[in-house]
Amino acid sequence: MKALFLFFASASMLMSCGATKDKKKPQKEQKEPETGLYPADSSYFRKLTDGEKQHYKNEVETEFHKIMGPNFNGEVLVAKNGQVVFEEYKGIADFRKRTPITPRTSMHLASISKTFTAMTVLHLWETGKLSLDDNLQKYFPKLPYYGITIKMLLSHRTGLPNYVYFMEKGFDRYRKATNQDVINYMMVNKPKITAKPDRAFQYCNTNFLLLASIVEQVTKMPFPEYMKDSVFKPLGMNDTYIFSIKDTATYNPTYSGNRPFPMTNVDCTYGDKNVYSTVRDLLKWDRSLYAHTFLKASTLKMAFTPQSHEHPSMHNYGLGWRTYFNPRTGDSIIYHNGYWHGSNTVFNRIIQDTATIILLGNRYSPNNYNAKKLTHIFTGHKDY
């Protein structure tokens, strides 16, 4: 117990600084005028030498191709100190038209979308627009689930049933549900809880659907519109958007082999999924978190703090992020994976080394998750 406490204290210190031993202390913070981000070669991140860039490129490229093999279909980017050391775009974006994947091919992030929902909620909390202790009834007075707070939604400690399952079984299979449809269904049909509030961690998409709907109530704007205007556009994420029911005519399917997954009645809900983006845009998201241009360092420290302690483990969940803290090696990894239909996605932030691994795949392959094995190139440890 003492070892875990000492480790977490050191990990929290790393995260509160927002960077690592490789980062220089900022002298004068100058943001890029178009994106509001700190340039990767500014005083915030230590600029890599040409030799360092080549070293990381060689190591990552060799290991990536060894891990993924020849059948990878998607896009990958690996960065160190906010600077790209390796990226690759391979395969087909649309198998009907045989269009290739390019740096501007936006892909379904699946559950990586939750990081945007969570950080947006925390941004509204920073600005005094909501409280993490607000309960569901403040926003949904007729929702028959009591004792659940926004913080519990963020940390998956609500015990709510997963809407993906009860909507696919109980809702019109030929009708595309909206977030409000899900909430209305819960009010009328009262699907059973799986645990009492704040008793245990149970990963559940319903939590983040509700969070997106809370954002809509607080901001008085549709969630896709608010995210575009207040998050994606200010961060220069020009190829990032949220798919909703109005976009069904331009739906980009994901694949099993070369066959597209058909849309289901829960494909138009958002908050838990349905952010589409590119690896380059996700690097901008990553850099904004390191540089604290979207959230304060203290807020991120809170988001990265493990919230569930029923089963002691180096793996845990904070507020919208999965966490891995290893007291033996000192590794601190903040990450989120995603899976939806044919999408397999990886977003790993190796905090103590200011390194990031981003992979987006649009053709189902569980092998995509093995991209996390690239972390040893930066940490020197293969135990993650």
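## Ground rules

Helices (H or I, at least four residues) and strands (E, at least two) are DSSP runs here, numbered from the N terminus. Residue numbers start from 1 along each chain as its sequence is written, and side-chain values use heavy atoms, with hydrogens and water left out. Please keep in mind that this is a predicted model: local features need pLDDT of at least 70, side-chain atom pairs count only at pLDDT 80 or more, and totals for chains, interfaces and linings use all residues.

## Two covered helices

Let's begin with helix α10, residues 279-291. Its end C-alpha atoms are 18 Å apart, in agreement with the 18 Å that 13 residues should span at 1.5 Å a residue; the expected span is 1.5 Å times one less than the number of residues. The helix is mostly covered, with eleven of its 13 residues buried (under 20% relative accessible area with a 1.4 Å probe and protein chains only; exposed is over 50%, partly exposed in between). Among those buried in α10 are W285, D286, R287 and Y290. After the helix comes H292, with a positive phi near 60 degrees.

Helix α3 (residues 113-126) can be checked in the same way: 14 residues should span 20 Å, and the end C-alpha atoms are indeed 20 Å apart. Eleven of the 14 residues are buried, so α3 is largely enclosed by the rest of the structure. The buried set includes K114, F116, M119 and L124. Just after α3, G128 has a positive phi of about 75 degrees.

## A hairpin

Strands β1 (residues 74-80) and β2 (residues 83-90) pair in the antiparallel sense over seven bridges; pairing requires that DSSP finds at least two bridges between two strands. K80 has Q83 in β2 as its bridge partner. Two residues lie between the strands of this hairpin, and N81 takes a positive phi near 55 degrees.

## Aromatic pairs and charges over rings

How many aromatic pairs does a search of the whole structure find? There are 18, counting rings of Phe, Tyr and Trp (its six-membered ring) with centres within 6.5 Å; planes under 30 degrees apart are stacked, over 60 edge-to-face and the rest tilted. F166 and Y185 have ring centres 5.4 Å apart and planes at 10 degrees, so this pair is stacked. Because F166 lies in helix α6 (residues 163-170) and Y185 in helix α7 (residues 179-189), the pair ties together parts 19 residues apart in sequence. Both F166 and Y185 are buried. F243 and Y276 make a tilted pair, 6.0 Å centre to centre with 45 degrees between the planes. F243 sits in the loop between β6 (241-242) and β7 (255-256), and Y276 in strand β9 (residues 275-277), 33 residues apart. F243 is buried at 2% relative accessibility, and Y276 is buried with a relative accessible area of 2%.

Back in the two helices, F116 and W285 belong to one aromatic cluster together with F232 and F294. Y290 has company too: the charged end of R349 sits over its ring, 4.2 Å from the centre (this needs CZ of Arg or NZ of Lys within 6 Å of the ring centre and within 35 degrees of the ring normal). The charged end of K273 likewise sits over the ring of W340, 4.9 Å from its centre.

## The second largest pocket

This pocket is lined by 16 residues, with P224, K228, Y241, I242 and K246 nearest its centre. α9 (223-232) and β6 are the elements that give two or more residues to the lining, and α9 gives the largest share, four residues. On a 1 Å grid over the protein atoms alone, a pocket is an open set of points where a 1.4 Å probe fits, with protein on both sides within 12 Å along at least five of seven lines; lining residues have an atom within 4 Å of a point.
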